[in-house]
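Welcome, and please open your viewer. We will take a walk through one protein chain, with something to select at each stop.

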Amino acid sequence: SLYGDKTYACDETTEPTPTHVYGQTKHSMEKLLKAWEKFGLRYSILRYFNVAGCDPDAEVGESHSTETHIIPIIFQSITGIRSNFTVAGFDAHPKSGDGSAVRDYVHVTDVSSGNWKALEYLLGGGKSGEVFNIGR
């Protein structure tokens, strides 16, 4: 959402071009953090892609009485709990060509690891304001 409707892989140097309110608010927060840097705030910008998965040790997690997340819905379809699985798309996507969505997913434990690495980077004297794509 922060990178808009890019049809190519985005890296940390890709200029944000949010096209929806959600991405615009994320970008606004990044600008706010930068403004606070002059008061001594040190920060990293972590840009997550679609987080999926659960804690492999089942120590933390969430429960869904009505499932709305894509990965569990796919498994419900595979196991016969749901009769179908549909990914909505109205226009042909340049990469897929058939109107289906193209997404990047990152496992929740990789997100956790990325958070720790960003903190260690800052505590180790790393440059404030660095952007890190998590899951790309």
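Here is a tour in six stops, from the whole chain down to single residues and back out to a pocket.

**Stop 1: the whole chain**

Before you click on anything, keep in mind that this is a predicted model. Show the chain as a cartoon and colour it by secondary structure. You should be able to pick out three helices and four strands. Going along the sequence, their order is α-β-β-α-β-α-β.

Now switch to a surface view for a moment. The chain has 136 residues, and 22% of them are buried. How do contacts reach along the chain? If you take the contacts between residues at least 6 apart in sequence, 57% of them join residues at least 24 apart. Watch for such long jumps as you go on.

**Stop 2: R47 and its neighbours**

Select R47, which sits in strand β1. Is R47 buried or exposed? Its relative accessible area is 7%, and buried means under 20%, so R47 counts as buried.

Next, show everything that R47 touches. Setting aside residues within four places in sequence, the contacts are L2, Y3, E12, T14, P16, E30, V131, F132, N133 and I134. Find Y3 in that group: the side chains of R47 and Y3 make a polar contact at 2.8 Å.

**Stop 3: two salt bridges**

How many salt bridges does a search of the whole structure find? The search finds two.

Stay with R47 for one of them. Add E30 to your selection and look at the salt bridge between R47 and E30, where the closest N and O atoms are 2.7 Å apart. This pair ties together distant parts of the chain, since R47 belongs to strand β1 and E30 to helix α1, with their positions 17 residues apart in the count. E30 has 10% relative accessibility and counts as buried, and R47 is buried too, at 7%.

Now move to K127 and E130, which form a salt bridge with their closest N and O atoms 3.6 Å apart. Colour these two by accessibility. K127 is at 56%, and exposed means over 50%, so K127 counts as exposed. E130, with a relative accessible area of 26%, is partly exposed.

**Stop 4: T14, before the helix**

Select T14, in the segment that comes before α1. T14 counts as buried, at 12% relative accessibility. Turn on distances and look towards D11: a polar atom of the T14 side chain lies 3.0 Å from the backbone nitrogen of D11.

Which residues does T14 touch, if you leave out those up to four places away in sequence? They are Y3, K6, Y8 and R47. You have already met R47, whose own contacts include Y3 and T14.

**Stop 5: L46 and N50**

Go to L46, found in strand β1. L46 is partly exposed, with a relative accessible area of 24%. Draw a line from its C-alpha atom to the C-alpha atom of F132: the two atoms are separated by 5.0 Å, although the residues are 86 apart along the chain. Beyond its neighbours within four places in sequence, L46 is in contact with N115, A118, F132 and I134.

Then select N50 in strand β2, which covers residues 50-52. N50 counts as partly exposed, at 27% relative accessibility. Try a C-alpha line here as well, this time to G135: N50 and G135 are 8.0 Å apart in space and 85 residues apart in sequence.

**Stop 6: the second largest pocket**

For the last stop, show the surface again and look for the second largest pocket, which holds about 250 Å³ of space. The pocket has 14 lining residues, and those closest to its centre are K34, Y43, I45, G129 and V131. Select these five to find your place.

Which elements supply at least two residues each of the lining? They are α1 (21-36), β1 (44-48) and β4 (130-134). The largest share, four residues, comes from α1.

To finish, colour the lining by residue class. You will find four nonpolar, three polar and seven charged residues there.

Terms used
Residues are numbered from 1 along each chain as its sequence is written. This is a predicted model: local features need pLDDT of at least 70, side-chain atom pairs count only at pLDDT 80 or more; totals for chains, interfaces and linings use all residues. Side-chain values use heavy atoms; hydrogens and water are left out. On a 1 Å grid over the protein atoms alone, a cavity is a set of points where a 1.4 Å probe fits but cannot get out, and a pocket is an open set with protein on both sides within 12 Å along at least five of seven lines; lining residues have an atom within 4 Å of a point. Grid points are joined across faces, edges and corners, and a volume is the space filled by probe spheres set on the points. Ala, Val, Leu, Ile, Met, Phe, Trp, Tyr, Cys and Pro count as nonpolar, Asp, Glu, Lys and Arg as charged, and the others, Gly among them, as polar. A salt bridge is a side-chain nitrogen of Lys or Arg within 4 Å of a carboxyl oxygen of Asp or Glu. Buried means under 20% relative accessible area, exposed over 50%, partly exposed in between (1.4 Å probe, protein chains only). A polar contact is a pair of N or O atoms within 3.5 Å; within protein, one must be able to donate a hydrogen and the other to accept it, and residues adjacent in sequence count only if both atoms are side-chain atoms. Contact means heavy atoms within 4.5 Å.
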